[in-house]
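Colleague: I should be grateful for a close look at a single part of this protein, namely its sheet. Please describe how the strands are arranged and what surrounds them.

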Amino acid sequence: MTKSNNKPSTKPKATTRTTKKAQLIKLLGTKSGTDIKTLSSKLGWQQHTTRAAMSGLRKAGYEVAGEKPAKGGMSKFRILSAPTAQTEAPTAVPADGA
């Protein structure tokens, strides 16, 4: 006879992971905004990668605005509005074109 192991199976606990996109949205969501250099250092990205990610947010429907300080310095970026969920389903076109 073989002896069975009656120990309860232990599954690894699910951990909540914060994505870089979520971090970027949070950083851009502040009233004062933040500059590319700060965003890049906090996310561990190069500056061109940060700009590309902001472009992706724009394509996803976020309104991202850049504001250049009057006294010079680096532009600060922030999210003005998030995309809205579509409430209407697209209407189907009849097959006969009518």
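Modeller: The account below begins with the whole chain, turns to the sheet, and then follows the contacts outward from it.

The model is a predicted one. The protein has 98 residues, of which 17% count as buried. Its exposed surface amounts to about 8300 Å², with carbon and sulfur atoms supplying 53% of that area. Three helices and three strands are present, and from the N terminus on they follow the order α-β-α-α-β-β. Of the contacts between residues at least 6 apart in sequence, 35% join residues at least 24 apart.

The three strands make up an open sheet with the order S1-S3-S2 and antiparallel pairing. S1 and S2 are the edge strands, each of them pairing on one side only. In general, the strands of a sheet are paired through backbone hydrogen bonds, in either a parallel or an antiparallel sense. Strand S1, residues 34-35, is joined to strand S3, residues 76-81, by two bridges. Strand S2, residues 63-67, pairs with S3 over five bridges.

Individual bridge partners fix the register. On the S1 side, Thr34 has Phe77 as its bridge partner in S3. On the S2 side, Gly66 also has Phe77 as its bridge partner in S3, while Ala65 is partnered by Arg78. Phe77, which lies in strand S3, therefore merits separate attention. Its relative accessible area is 16%, so Phe77 falls under the 20% limit and counts as buried. Residues up to four places away in sequence aside, Phe77 touches Leu28, Gly33, Thr34, Ile36, Met54, Arg58, Val64, Ala65 and Gly66. For one of these, Ala65, the C-alpha to C-alpha distance from Phe77 is 5.5 Å, at a sequence separation of 12 residues.

Phe77 also belongs to the largest nonpolar core, a set of 11 residues. The other members are Leu24, Leu28, Ile36, Leu39, Leu43, Met54, Leu57, Tyr62, Val64 and Ile79. The elements giving two or more residues to this core are helix H1 (20-28), helix H2 (36-43), helix H3 (47-59) and S3. H2 gives the most, with three residues. Val64 is a further core member, and its contacts, again without residues up to four places away in sequence, are Met54, Leu57, Arg58, Phe77, Arg78 and Ile79.

Arg78 leads from the core to the charged groups of the sheet. A search of the whole structure finds one salt bridge, and it is formed by Glu67 with Arg78, whose closest N and O atoms are 3.1 Å apart. The pair links distant parts of the chain, since Glu67 is in strand S2 and Arg78 is in strand S3, 11 residues apart. Glu67 has a relative accessibility of 35% and therefore counts as partly exposed. Arg78 is likewise partly exposed, because its relative accessible area is 23%, which lies between the 20% and 50% limits.

The approach to S2 is also informative. Gly61 is located in the loop between H3 and S2. With a relative accessible area of 36%, Gly61 is partly exposed. Apart from neighbours within four places in sequence, Gly61 is in contact with Ser81, Ala82 and Pro83. Gly61 and Thr84 are separated by 23 residues in sequence, and their C-alpha atoms are 7.8 Å apart.

One site on the helical side completes the picture. Thr50 is in helix H3, which is among the elements that contribute to the core. Thr50 has a relative accessible area of 0% and is therefore buried. The side chain of Thr50 nevertheless makes a polar contact of 2.8 Å with the side chain of Ser40. Not counting residues up to four places away in sequence, Thr50 touches Ile36, Leu39, Ser40 and Trp45. Ile36 and Leu39 are themselves among the residues of the largest nonpolar core.

To return to the sheet itself, S3 stands between S1 and S2 in the strand order. Within S3, Phe77 is buried, whereas Arg78 is partly exposed and forms the salt bridge with Glu67.

Methods
Residues numbered from 1 in each chain as written. Predicted model: local features only at pLDDT ≥ 70, side-chain atom pairs only at ≥ 80, totals over all residues. Heavy atoms only, no water. Helix = DSSP H or I, 4+ residues; strand = E, 2+ residues; numbered from the N terminus. Buried < 20%, exposed > 50% of the residue type's maximum accessible area, 1.4 Å probe, protein only. Contact = heavy atoms within 4.5 Å. Areas by Shrake-Rupley, 256 points an atom, 1.4 Å probe, with all protein chains shown as cover. Pairing = 2+ DSSP bridges. Core = buried A, V, L, I, M, F, W, Y, C linked by side-chain atoms within 4.5 Å. Salt bridge = Lys/Arg side-chain N within 4 Å of Asp/Glu carboxyl O. Polar contact = N/O pair within 3.5 Å; in protein donor to acceptor, adjacent residues only side chain to side chain.
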